[in-house]
Amino acid sequence: MKTLGEFIKGLWRENPTFRLVLGLCPTLAVSTSVVNGIGMGIAATFVLVGSSIFVSLTRGIVPEKVRIPCFIVIIATFVTIIDLLMKAYAPVLSRSLGMFVPLIVVNCIVLGRAEAFSSKEPLARSILDALGMGIGFTWALVLISAIREVLGNGTFLGKILTANFEPPLFMILAPGALLTIGLLIGIMNYFVMKSKARVK
Amino acid sequence: MDISAYILILISTIFINNFILARFLGLCSFIGVSKNTVPAVSMGLAVTFVTTMASIITWLIYYLVLAPYHLEYLRTLSFILVIASFVQFAEIVIQKKFPGLYKIFGIYLALITANCAVFGVAVLNTDTFFLNGVAVAGSFIKSVLQGLGAGLGFTLAMLLMSGIRERLEYAEVPRSLKDVPITFIIASLMSMAFLGFSGFKI
């Protein structure tokens, strides 16, 4: 049960986007359509899981002082792998995500999990933690991109929803992203506060 | 190549494609360090210094090593390592040689290693100023200017945001919107104002 908890916590209680507010740059930049959101989520999950496996396996070998550069090398390797894979097998997605695929390397979530979790924990728990964080990141990304795509483009997964709706372009542009995430975090805070008040 | 192209790059990176408000790079530090004006501007200066230097270094690496030997796929790995070690090096040098300068922005240097803006500008430079591994005319100066403009745009956004947030201390914000969410909503309004620049005919 405790092991399963490592997986669950990334989904809600320690959700990287809404609760920890980490890894925002890609979240906001690529969330213009649901397809992009899913693609970015999968790429980040791959990097998270891959790097946490290697960080966890090398945790006894790497000296304390050079651990951060080692983490960065491991993460950058997986980012390069997913970047090349996407270029080869999903060229359209790769083009629309653009420079944000290599930018996963500076995503605070990945380095944060390596430093805070998988460098101290055994393999199985690290994988579960990374998977939970990755899926937590993905659903947050899908939620934000769904809101922006429906409101800003009038479509969902590329399908037009209704003809009687003139979508405000504003939502697909930069301000819409910042507004969406601001209000979403606000709503989450509201519910968290409410449930805390109920416990008291 | 005339001067106007260079000025255009500066204007476009500072205003039209502002790194924070239009490209979403460096948001973490934007949200984290923008509570008061003095640290916000110091952070901005540190970022400007690092983005400019990183543009120079990564251009040299790409031009002299990666492109001639067709090692473009090592871009992510080599850039991040070089930037991280440069930042460490710069921190040590500034601390020893220019303690006054270190007081102004030195402490923020360590935070910058993982700042998307720095790595982002390096990636953007190679994406825009190298076509299939061949440098376009004047690409070195263009890269440096893009780095400088990115940093200045970052500083401008930090300065504006910290000014607003200092005033916001006295405002009554709904409890659930305090701190981070309201900062995002302000950033959204600022970004909307900056969208006005994209109408420039240049």
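With 202 residues in chain B, a compact globule would come out with a radius of gyration near 17 Å, and the chain has 18 Å, which agrees. Bear in mind that this is a predicted model.

**Chain B overall**

Lay chain B along its principal axes and its C-alpha atoms fill a box of roughly 60 × 45 × 30 Å. Inside that box sit eight helices and two strands. Going along the sequence, the pattern reads α-α-α-α-α-α-β-β-α-α, so the two strands come after six helices and are followed by two more. Buried residues make up 43% of the 202 in the chain. As for who touches whom, take the contacts in chain B with a separation of 6 or more: 78% of them come from residues 24 or more positions apart.

**A helix to look at in chain B**

Helix α4 of chain B covers residues 75-97, which is 23 residues. From its first C-alpha to its last it reaches 32 Å, close to the 33 Å expected at 1.5 Å a residue. Which of its residues are buried? In α4(B), they are B:Arg75, B:Thr76, B:Phe79, B:Ile80, B:Ile83, B:Val87 and B:Ile94. For reading a list like that, remember that an α-helix has 3.6 residues a turn, so residues three or four places apart point the same way.

**Two loop residues with positive phi**

Two residues of chain B are worth clicking on for their backbone angles. B:His70 has a positive phi although it is not a glycine, and B:Asp179 likewise has a positive phi without being a glycine. B:His70 has its place in the loop between α3 (37-66) and α4 of chain B, while B:Asp179 is found in the loop between α7 (139-168) and α8 (180-195).

| Residue | Phi | Other C-beta atoms within 10 Å | Exposure |
|---|---|---|---|
| B:His70 | about 55° | 9 atoms | exposed |
| B:Asp179 | about 65° | 15 atoms | partly exposed |

Why does B:His70 count as exposed? Because it has 9 other C-beta atoms within 10 Å, and the cut-off for exposed is 12 or fewer. B:Asp179 has 15 such atoms and is therefore partly exposed.

**Over to chain A: helix on helix**

Two packed helices are described by the angle between their axes and the distance between the axes. For α3 (residues 34-57) and α4 of chain A, that gives an angle of about 145° and axes 9 Å apart. The crossing of α3(A) past α4(A) is right-handed. On the α3(A) side, the residues that meet the partner helix include A:Phe46, A:Val47, A:Gly50 and A:Phe54; from α4(A), A:Phe71, A:Ile75, A:Phe78 and A:Ile82 are among them. By class, this contact has twelve nonpolar, two polar and no charged residues.

A:Trp139 is found in helix α7 (residues 123-153) of chain A. Its C-alpha lies 8.7 Å from that of A:Gly37, though the two are 102 residues apart in sequence. A:Trp139 is partly exposed because it has 19 other C-beta atoms within 10 Å, and a buried residue needs 20 or more.

**Where the chains meet**

How many residues of each chain take part in the contact between A and B? Chain A puts in 33 residues and chain B 32. On the chain A side, the elements giving two or more residues are α2 (24-30), α4 (67-89), α6 (108-118) and α8 (174-199). Of these, α8(A) gives the most, with eleven residues. By class, that side of chain A has 27 nonpolar, five polar and one charged residues.

How values were computed: Residues are numbered from 1 along each chain as its sequence is written. Chains are lettered from A and ligands numbered from 1 in the order in which they are written. This is a predicted model: local features need pLDDT of at least 70, side-chain atom pairs count only at pLDDT 80 or more; totals for chains, interfaces and linings use all residues. Two residues are in contact if their C-beta atoms, placed from the backbone, lie within 7 Å. Helices (H or I, at least four residues) and strands (E, at least two) are DSSP runs, numbered from the N terminus. Ala, Val, Leu, Ile, Met, Phe, Trp, Tyr, Cys and Pro count as nonpolar, Asp, Glu, Lys and Arg as charged, and the others, Gly among them, as polar. The expected span of a helix is 1.5 Å times one less than its number of residues. Axes are lines fitted to C-alpha atoms, for helices over the stretch in contact, and angles run from 0 to 180 degrees between N-to-C directions. A crossing is left-handed if the near helix is turned anticlockwise from the far one by less than a right angle, and right-handed if clockwise. The radius of gyration is taken over C-alpha atoms; the globule rule is 2.2 Å times the number of residues to the power 0.38.
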